[in-house]
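Subject: Structure handover

Hello,

The structure we spoke about is below, for you to look over. My notes on the findings follow it.

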There are 2 protein chains.
Amino acid sequence: MGGDYAPRHVVLGALDALRESKGRLSLLLVGPERTLYRELEQVQRTMGNESMKESFRVVNATEVIDMHDPPTAALKAKKDSSMTVGLSLHREGKAQAFVSAGNTGAVLSASTLILGRIKGVGRPTIGALVPTESSPCLLVDAGTNVDCKPRHLFEFAVMGSIYVSAMVGTQNPKVGLLSIGEEEIKGNEVSIETFRLLKRSKVNFIGNVEGRDILKGKVDVVVCDGFVGNILLKFGESVPEFLKAKLKAFAGKGLLNKLRMWIAQGGLRTVMKDLDYQEYGGVPLLGVNGVSIIGHGGSTPKAIKNMIFRAEEMVRRNVNAQIQEAILKYS
Amino acid sequence: MGGDYAPRHVVLGALDALRESKGRLSLLLVGPERTLYRELEQVQRTMGNESMKESFRVVNATEVIDMHDPPTAALKAKKDSSMTVGLSLHREGKAQAFVSAGNTGAVLSASTLILGRIKGVGRPTIGALVPTESSPCLLVDAGTNVDCKPRHLFEFAVMGSIYVSAMVGTQNPKVGLLSIGEEEIKGNEVSIETFRLLKRSKVNFIGNVEGRDILKGKVDVVVCDGFVGNILLKFGESVPEFLKAKLKAFAGKGLLNKLRMWIAQGGLRTVMKDLDYQEYGGVPLLGVNGVSIIGHGGSTPKAIKNMIFRAEEMVRRNVNAQIQEAILKYS
């Protein structure tokens, strides 16, 4: 029931994932059952009579936490929300992963509360894959933990490394600490102390990176607190809109410009696509005892589908067991 | 003597400013006099025998603080640096403003030390003009003060407002506090407390803004600490390079794409120009008892020229007197 277009986009994405997975997956759709059955009926009518009944099941949950609910209060008040029910199924082993495009804060709190933390992790975190000139890099924390201690940033570095090596396939990923200069002494109080922690750890730490190094693809993991991470990601997401507005203004200045822009469109669209979070499909919550993927509120069916596949892959690659081992070993 | 291309770019920019100002300005060029005279001779030889001798004067300073000198130590060790001599001329009233493309940290420390702070200002700051979909907005602090207290951020808001209204001409500029959500309770400890300070002040505070609101031009002044500001600005500066690399890769995929990109180039170049700091020409140091403009190390002659004109304008518009009044009145 999560996201701006729930349940439509969630149901469409789920069915797409099932179709593509060819029997590999089975899904539990959690929410008010009458709403979900109605949605499924409508969707399947337009899709034709493909039968996929055996690969999914509707699990009833009578309540919905919406985007504007304050997370902690909502979790207390709505005991039978789709979020709580879904995560409980995961904890009980009836599901191996959980995926939601709902209220980010609530998914986060509920996941930590219901699944618990991996041993040795003080603060679960969210990482986001960012496009670069070469392969995507993981920005961690992407907005979860705003006030961090050096130890937390160290944990983000470890969890980010494991995630990137397991999921992106980069061997011994390079980790950079986001700061305002390359030198060890450049930064704020927390980042300078974090530099020391990382330097003497077993993380493949290459030192501070600056704002300009991210898109260059200088490192595979960029470590920062969630305040900086959130601001940076949202800034990045706004760049395509900004360019579109500027190009439109340019095209407005005469027919020749208009023609030029029209011809260039195809290329620009391809490049812009790279800046589109939907291609990446949700962000993983790292550090909880389970697999919980959180999607953008505006997730399309494609994004939902990608989130499901990402969850499957995190289970298959045993990311959490690797994190638990590394948190102890890397310190 | 400041910047990667000193003294060449500085001298060229200075002479350009003099030419354009048509006698309005007179400049003191501060640095090792033999080096400067040699440079002037070479430059004037290529420019023809225009005589502008009466509008500038070389002031000797035997030492140079370079980009890699640690600011505080360098200021102590090099008492006769071009920076110290130039700023001292300003303090003594022999110059009305100071402009440098040198070591940012050193210009900052030297300006605060030699010129002193405006009464009521705890932390002088640097603001940077950022392009948006509408008119440019001032991001303040742009990298000077990394660990800030709420009171400092409040001062940045006041100084930023005055600067934008005096220099950009925006009446009663809208001020936003950079955070991770619009609601008053969203943010880190410092930003949440700053929100309270700004809300009850006389600043035209419209609330929190997010990363995505900056390029949209939602506000005229964006307030943040220098850690976030520096990272964001450098990230923004790297966007054109990133797009160029992506477009190049796209153009590489076939002749048609290449042709398309070639045709579109003009438009893209125009748009990219908007992201170019050089058009804006340096950033003002706000809160010191004087006018001190700091340029990018890679400043072109054009950037130097623009810095000089900006300094002139700050003097003419009496920005500092306005800041002093506002700091007391807005609290």
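Helix 7 of chain B, residues 189–199, lies across strand 6 (175–178) and strand 7 of the same chain. Against strand 7 of chain B, helix 7 runs at about 165°. Please keep in mind that this is a predicted model.

The sheet of chain B

Strands 6 and 7 belong to an open sheet of eight strands in chain B, with mixed pairing and the order 3-10-9-4-5-8-6-7. Strand 3 (98–100) and strand 7 (205–209) of chain B are the edge strands, each paired on one side only. On average, and with direction ignored, neighbouring strands of the sheet are turned by 25° against each other. Helix 4 of chain B (residues 82–91) also packs on this sheet, where it touches strand 3 and strand 10 (292–294). The direction of helix 4 makes about 160° with that of strand 3 of chain B.

Within the sheet, strand 5 (residues 137–140) and strand 8 (residues 221–223) of chain B run parallel and are joined by three bridges. One pair of bridge partners is V140(B) and V223(B), the latter in strand 8 of chain B.

The interface of chain B with chain A

How many residues of chain B are in contact with chain A? There are 47, and they meet 47 residues of chain A. The size of an interface is often given as the accessible area lost when the parts come together. Here the area buried between chain B and chain A is about 4600 Å², and carbon and sulfur atoms give 75% of it. In chain B, the residues that lose the most area to chain A are F227(B), F235(B) and F242(B), together 15% of what that side buries.

As for polar interactions, two salt bridges are found across the interface of chain B and chain A. K234(A) and E210(B) meet through their side chains in a salt bridge, at 2.3 Å from N to O. Seven residue pairs are in polar contact across the interface of chain B and chain A, both residues being at pLDDT 80 or more.

On the side of chain B that touches chain A, helix 7, helix 8 (226–251) and helix 9 (255–273) of chain B each supply at least two residues. Helix 8 of chain B gives the largest share of that side, 18 residues. By class, the side of chain B that touches chain A has 23 nonpolar, 14 polar and 10 charged residues.

Regards

How values were computed
Residues are numbered from 1 along each chain as its sequence is written. Chains are lettered from A and ligands numbered from 1 in the order in which they are written. This is a predicted model: local features need pLDDT of at least 70, side-chain atom pairs count only at pLDDT 80 or more; totals for chains, interfaces and linings use all residues. Side-chain values use heavy atoms; hydrogens and water are left out. Two strands pair if DSSP finds at least two bridges between them. Helices (H or I, at least four residues) and strands (E, at least two) are DSSP runs, numbered from the N terminus. Axes are lines fitted to C-alpha atoms, for helices over the stretch in contact, and angles run from 0 to 180 degrees between N-to-C directions. Contact means heavy atoms within 4.5 Å. Buried area is the accessible area (1.4 Å probe) that two parts lose on being put together, summed over both. A salt bridge is a side-chain nitrogen of Lys or Arg within 4 Å of a carboxyl oxygen of Asp or Glu. A polar contact is a pair of N or O atoms within 3.5 Å; within protein, one must be able to donate a hydrogen and the other to accept it, and residues adjacent in sequence count only if both atoms are side-chain atoms. Ala, Val, Leu, Ile, Met, Phe, Trp, Tyr, Cys and Pro count as nonpolar, Asp, Glu, Lys and Arg as charged, and the others, Gly among them, as polar.
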